[in-house]
Amino acid sequence: MKSPSWRHAAARISCVAVLLLSPVAAQAETLQDALVSAYKNSNLLEQNRALLRATDENVAVALSALRPQVQLISRLSHLDTANPNRGSASGSISLGMDLLVFDSGRTEFAVESAKESVLAARAQLVSLEQQVLLNAVGAYVGVLRDARVVSLRQNNLRLITQELRAARDRFEVGEVTRTDVAQAEARLAQANGDLSEAQGNLAISRELYVATVGRKPGNLQAIPSLPPLPKSSDAARALGERNHPAIKQAQHQISADELNAARARANSKPTLGLNAEVGHNNTNNNNSSIGLQLTVPIYQGGQLKALERQALAQVHASRSNLNQVVLEVRQAVADSWSRLAVANAQLRASDRQIRAAQVAFNGVREETKLGARTTLDVLDAEQSLFDARTNRVVFETQVYAAAYQLLSSMGLLTVSDLKLPVKQYDPNEYFNAVKSAPVPRTKQGAKLDRILGRYQK
């Protein structure tokens, strides 16, 4: 016979086995989890990161004009004559190099303009990051809202079912008429339809969540508190003008266009280049040459001045665009601030409405027991209470949506500003690898190959 200690040990082992083999309860999912997942899984961000890397290459392309241009040329020809016996063949091979010595600053302007375009593209990527995160917030609160509406609809259905059962019981003893029963039955049918609609809306919100966040929603937790927000609309507007990536993008675009205008003006100035060539052919054997070439534009049919005027017009357009973007940011901040204030006011009003509707519902039910109210009065009071509770769910959702919309309008809805626990995309890594236009089979070229290999997986 086993001792008690053995029985206790066996019991403990059995408990451990049950814990190990039982399914793990679904972990709670927070808004932060959803934002991290949206950032990681966004195809839009992946696409525009690749486009940013393509823009980075423009710096290397512009810089390459300052490097020697070396090329190998091989020629083989045959000369036919009237006498087929006197035909001749010739061949040559040469190695040539062209080096830009001086171009009045055109290439330097092109390099700097490309760098400004890179900064503008980075700002655009931040704007898209904000949009991805804002969409994730909307999807998250949408699932929360619709799930709570479904729960309210189910409770409403249970209450109406109880009212219908009570009406039928009272009809059996002659306290109410068949009309009261019919009214309860009609309201029950409507409640079933409303529940089906709410369940359909929840299914749609779940699919939107999958498309936005990148996976199905789990056990979503209520948002504990609003994010930190400025204390006044003026402070919010100032933050927006200082931080919004759309404004930064427009500013960098102006700088790029101004550099392009300077480049267009330099097109009418002299260019000096160095040319060198060594070669061999089957008639003159070895040959070589080296020389300088100075090119001074004199007349190109008005093309250069047209390009210069075109570049200046682009600068004026970019400056007007900046003014418009600033106005749009100010308006977006003001709109978001007003929506948040309205949503908060509606939320407070719905709380008062719920308290009053609850008191009214309780009173009507008690008066119905005394015969002072009809079944329809109870159903109407219950519907008012349900509407108040549903409105509160909607208004609470609008408060959170407006708060995060305000952050986005100020340019503060980013992974960095929200301090999300996720590895951020580093735009400097690829830019630093390509900005010097590295060539293959060098240390910098090998580093670039490793980076490219990682992105192409």
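**View 1. Arg-187, a buried arginine in helix 5.** In this predicted model, Arg-187 is found in helix 5. Buried or exposed, by its relative accessibility? Arg-187 comes out at 15%, so it counts as buried, the limit being under 20%. A polar atom of the Arg-187 side chain sits 3.2 Å from the backbone oxygen of Leu-379. Leave out the neighbours within four places in sequence, and Arg-187 is in contact with Ile-160, Leu-376, Leu-379, Asp-380 and Gln-383. Leu-379 therefore turns up twice here, once in that contact list and once through its backbone oxygen.**View 2. Helix 2 and its buried face.** Which residues of helix 2 are buried? The list is Leu-31, Ala-34, Leu-35, Val-36, Ser-37, Ala-38 and Tyr-39. These buried residues pack against strand 1 (28–29) and against helix 3, helix 4, helix 5, helix 9 and helix 10.

**View 3. Where helix 2 meets helix 5.** The two axes, helix 2 and helix 5, come within 8 Å and cross at roughly 55°. That angle makes helix 2 oblique to helix 5. On the helix 2 side, the contact is made by Ala-34, Ser-37, Ala-38 and Asn-41. Helix 5 brings Tyr-209, Thr-212 and Val-213.

**View 4. Ser-42, in the loop after helix 2.** Ser-42 has its place in the loop between helix 2 and helix 3. With a relative accessibility of 9%, Ser-42 counts as buried. What does its side chain reach? It gets to the backbone nitrogen of Leu-45, at 3.1 Å.

**View 5. Helix 3 alongside helix 11.** Helix 11 covers residues 427–434, and its axis comes within 9 Å of that of helix 3, with a crossing angle of roughly 30°. So helix 3 is roughly parallel to helix 11, an angle under 35 degrees being what that label asks for. The crossing of helix 3 past helix 11 is right-handed. From helix 3, the residues that take part are Leu-52, Arg-53, Asp-56, Glu-57, Val-59 and Ala-60. They meet Pro-427, Tyr-430, Phe-431 and Val-434 in helix 11.

**View 6. The largest nonpolar core, and another one apart from it.** This core has 78 residues, and Leu-35, Leu-133, Tyr-140, Tyr-209 and Leu-420 are those with the most contacts inside it. At least two core residues come from each of helix 2 (31–41), helix 3 (43–64), helix 4 (106–172), helix 5 (178–213), helix 7 (245–266), helix 8 (303–369), helix 9 (375–409) and helix 10 (415–418). Which helix supplies the largest share? That's helix 4, with 24 residues. Apart from this core lies another core of eight residues, including Ala-357, Phe-361, Val-378 and Ala-381.

**View 7. Leu-133 up close.** Leu-133 is one of the residues with the most contacts inside the largest nonpolar core. Setting aside residues up to four places away in sequence, Leu-133 touches Leu-35, Tyr-39, Leu-413, Thr-414, Val-415, Leu-418 and Leu-420. Among those partners, Leu-35 and Tyr-39 are also listed as buried residues of helix 2.

**View 8. Leu-95, in strand 3.** Strand 3 spans residues 88–102, and Leu-95 is found in it. Leu-95 counts as partly exposed, at 42% relative accessibility. Not counting residues up to four places away in sequence, Leu-95 touches Val-70, Gln-71, Leu-72, Ala-276, Glu-277 and Val-278. How many Å separate Leu-95 and Asn-192 in space? C-alpha to C-alpha, they are 85 Å apart, with their positions 97 residues apart in sequence numbering.

Methods
Residues numbered from 1 in each chain as written. Predicted model: local features only at pLDDT ≥ 70, side-chain atom pairs only at ≥ 80, totals over all residues. Heavy atoms only, no water. Core = buried A, V, L, I, M, F, W, Y, C linked by side-chain atoms within 4.5 Å. Buried < 20%, exposed > 50% of the residue type's maximum accessible area, 1.4 Å probe, protein only. Helix = DSSP H or I, 4+ residues; strand = E, 2+ residues; numbered from the N terminus. Contact = heavy atoms within 4.5 Å. Polar contact = N/O pair within 3.5 Å; in protein donor to acceptor, adjacent residues only side chain to side chain. Axes fitted to C-alpha atoms, helices over the stretch in contact; angles between N-to-C directions. Parallel < 35°, antiparallel > 145°, perpendicular 65-115°, else oblique. Left-handed = near helix turned anticlockwise from the far one by under 90°.
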